[in-house]
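Hi everyone, thanks for making time this morning. I'd like to walk you through one model, helix by helix, and then look at its pocket. Here it is on the screen.

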Amino acid sequence: MSLADVDKTKLTPEDLVIFEKFEKATVDAKKLPPNVSQDDQLSLYGLFKQALAGKNTTARPGMLDFKGKAKYDAWLKNGDMTKLDAQQKYADLVVALDEKYAKPTATTAE
């Protein structure tokens, strides 16, 4: 499932507001700096998958697929979280990561 597959006409006005924040956050996430930690990247991945697909009911990747297992576990960690809650948490996390990894700005002395 992708963002384009979501039928916005079926969303309540309140849900549409959250979904639009989520859409914007998916664009903003691509602008995060490359030094975002692997744990933070996995958190984003897990919330993104939960937001679009819901609960993880897929089979766990094989024992030698370390990257696949990490991604699977990040998604599984969200348990029964609703898609809407995951969309909100994803948007909030992107904002938090943008602040956490923002380049420091030079301040001028007054």
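Let's start with α4, where the cover over the buried residues includes α1 and α2. Please keep in mind that this is a predicted model.

Which residues of α4 are buried? They are Ala86, Gln87, Tyr90, Ala91, Leu93, Val94 and Leu97. Looking down the axis of α4, you find these buried residues within an arc of 165°, so they line one face of the helix. The face turned away from that buried side carries Glu99 and Lys100, which are exposed.

A quick check on the geometry of α4. With 18 residues at 1.5 Å a residue, α4 should span 26 Å, and its end C-alpha atoms are 25 Å apart, which agrees.

Now over to α1, which runs from 13 to 29. How far should its 17 residues span at 1.5 Å a residue? The expected figure is 24 Å, and the end C-alpha atoms of α1 are 24 Å apart, so the two agree.

The buried residues of α1 are Ile18, Phe19, Phe22, Ala25, Thr26 and Ala29. They take up an arc of only 115° around the axis, which puts them on the same side of α1. If you'd like the background: an α-helix has 3.6 residues a turn, so residues three or four places apart point the same way. On the other side of α1, Pro13 and Lys24 are exposed. And what do the buried residues of α1 pack against? They pack against α2 and α4, the latter spanning 83-100.

That brings us to the pocket. The largest pocket has a volume of about 290 Å³. It is lined by 14 residues, and the closest to its centre are Gln41, Leu44, Tyr45, Phe48 and Tyr90. You've met Tyr90 already, among the buried residues of α4.

Which helix gives the most to this lining? It is α2, with 6 residues. At least two lining residues come from each of α1, α2 (38-53) and α3 (66-76). By type, the lining divides into 8 nonpolar, 3 polar and 3 charged residues.

One last stop, in the segment after α4, where we find Ala102. Is Ala102 buried, exposed or partly exposed? Ala102 is partly exposed, with a relative accessible area of 42%. Ala102 and Asp7 lie 95 residues apart in sequence and 34 Å apart in space, C-alpha to C-alpha.

That's my tour, and I'm happy to take questions!

Methods:
Residues numbered from 1 in each chain as written. Predicted model: local features only at pLDDT ≥ 70, side-chain atom pairs only at ≥ 80, totals over all residues. Heavy atoms only, no water. 1 Å grid on protein atoms, 1.4 Å probe; cavity = no way out; pocket = protein on both sides within 12 Å on 5 of 7 lines; lining within 4 Å. Points joined across faces, edges and corners; volume = space filled by probe spheres on them. Helix = DSSP H or I, 4+ residues; strand = E, 2+ residues; numbered from the N terminus. Nonpolar A, V, L, I, M, F, W, Y, C, P; charged D, E, K, R; others polar. Expected span 1.5 Å × (residues − 1). Buried < 20%, exposed > 50% of the residue type's maximum accessible area, 1.4 Å probe, protein only. Arc of directions from axis to C-beta. Contact = heavy atoms within 4.5 Å.
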